[in-house]
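The following exercises concern a protein structure and are each followed by a worked solution. Please study the sequence and the structure before attempting them.

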Amino acid sequence: MNNPHPEAFPDMPMEAPPPPPLPQRIPWVTYGYMAVCIALFVLGTFMGQHEDWVRHFGLYAPYVKIGQWWRILSCHFLHGGILHVSLNMWVAYGLGRNLEAYIGSGLFLWVSLLGALGTALSSMLFSPEALMVGASGVILAWAGAMLPLVGRQARKNLLFWFIQIAVLSLLPGISLAGHAGGAAAGFVGGLALLQHAKGGRRGWLLLASAVVVLPCIWAVYGLSRNF
């Protein structure tokens with residue numbers, strides 16, 4: 001039975017208005033990272049400097065050990081070819097923006113840094129003579145961070161995806177060590193994020209950072225020795 005004059009019954013609870021929409025987080029880090037990767041590839045190709053940039057900024061352990069430390073980070077912004085950058089950016093768009101929207105840009109940047117350092121460290125330790133470029137290690141860190149945070153079905157899907165990546169990593173020219181290092185670093189970050197979400201202290205984040213950062217510092221200063 002309808003009440004045409006609800007104001008006649010001021011004590012009658014009216015239907016609650018819908019809650020305001022939650023603010024949509026813009027994944028600035030994901031978009032910025034993708035933009036830099038794409039811009040460097042396009043500019044390098046257009047200017048004919050792509051191969052030179054790879055040689056000067058790609059990860060190569062013998063050059064890191066003589067002081068070219070920037071390679072530990074710069075290598076993650078360069079790619080070997082159009083197929084390489086296209087596949088990485090496609091996956092980055094799907095994984096990165098979802099994780100960043102979920103945990104926020106600050107923590108997402110932190111996970112990305114963990115992945116970059118973990119990828120570089122693993123590559124230098126297990127493939128010291130290889131020249132490595134590409135965003136795949138950072139992307140795998142994002143996926144690794146998701147593992148402790150998502151539900152059971154999503155976790156199964158991620159694990160199946162990791163198996164596919166592991167098989168592809170056995171192909172020549174692909175860094176299995178780098179992929180594994182990035183995924184492992186991201187997983188450690190995901191465990192820390194899970195504890196933080198449960199009310200754990202931010203010390204978990206510092207601990208997770210140290211797990212990757214301290215060995216990476218050791219690698220930078222200890223690369224002059226034999227692996």
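A helix is here a DSSP run of H or I with at least four residues, and helices are numbered from the N terminus. The model is predicted.

**Exercise 1.** Determine where I26 lies relative to α1, and decide whether I26 is buried, partly exposed or exposed.

*Solution.*
Step 1. Helix α1 spans 28–47, and I26 belongs to the segment before this helix.
Step 2. Buried means under 20% relative accessible area, exposed means over 50%, and partly exposed is in between.
Step 3. The relative accessibility of I26 is 40%, so I26 counts as partly exposed.
Step 4. On the surface, I26 joins W28, Y31 and Y93 in a nonpolar patch. Together these residues have about 440 Å² of accessible area.

**Exercise 2.** Classify C37 by its accessibility, do likewise for C75, and state how many disulfides a search of the whole structure finds.

*Solution.*
Step 1. C37 has 0% relative accessibility and therefore counts as buried.
Step 2. C75 is also buried, because its relative accessible area is 0%.
Step 3. A disulfide is a covalent bond between the sulfur atoms of two cysteines.
Step 4. The search of the whole structure finds zero disulfides.

**Exercise 3.** Describe the surroundings of W142.

*Solution.*
Step 1. W142 is located in helix α7, which comprises residues 136–146.
Step 2. Its relative accessible area is 1%, so W142 is buried.
Step 3. Neighbours within four places in sequence are set aside; the contacts of W142 are then Y33, A92, L95, G96, L99, F108, V111 and S112.
Step 4. N98 is 44 residues from W142 in sequence, while their C-alpha atoms are 9.8 Å apart in space.

Methods. Residues are numbered from 1 along each chain as its sequence is written. This is a predicted model: local features need pLDDT of at least 70, side-chain atom pairs count only at pLDDT 80 or more; totals for chains, interfaces and linings use all residues. Side-chain values use heavy atoms; hydrogens and water are left out. Patches are made of residues with over 30% relative accessible area and no salt bridge: like charges are joined within 9 Å, nonpolar side chains (Val, Leu, Ile, Met, Phe, Trp, Tyr) within 5 Å. Accessible areas come from the Shrake-Rupley method with a 1.4 Å probe; for residues, only the protein chains shown count as cover. A salt bridge is a side-chain nitrogen of Lys or Arg within 4 Å of a carboxyl oxygen of Asp or Glu. Helices (H or I, at least four residues) and strands (E, at least two) are DSSP runs, numbered from the N terminus. Buried means under 20% relative accessible area, exposed over 50%, partly exposed in between (1.4 Å probe, protein chains only). A disulfide is a pair of cysteine sulfur atoms within 2.5 Å. Contact means heavy atoms within 4.5 Å.
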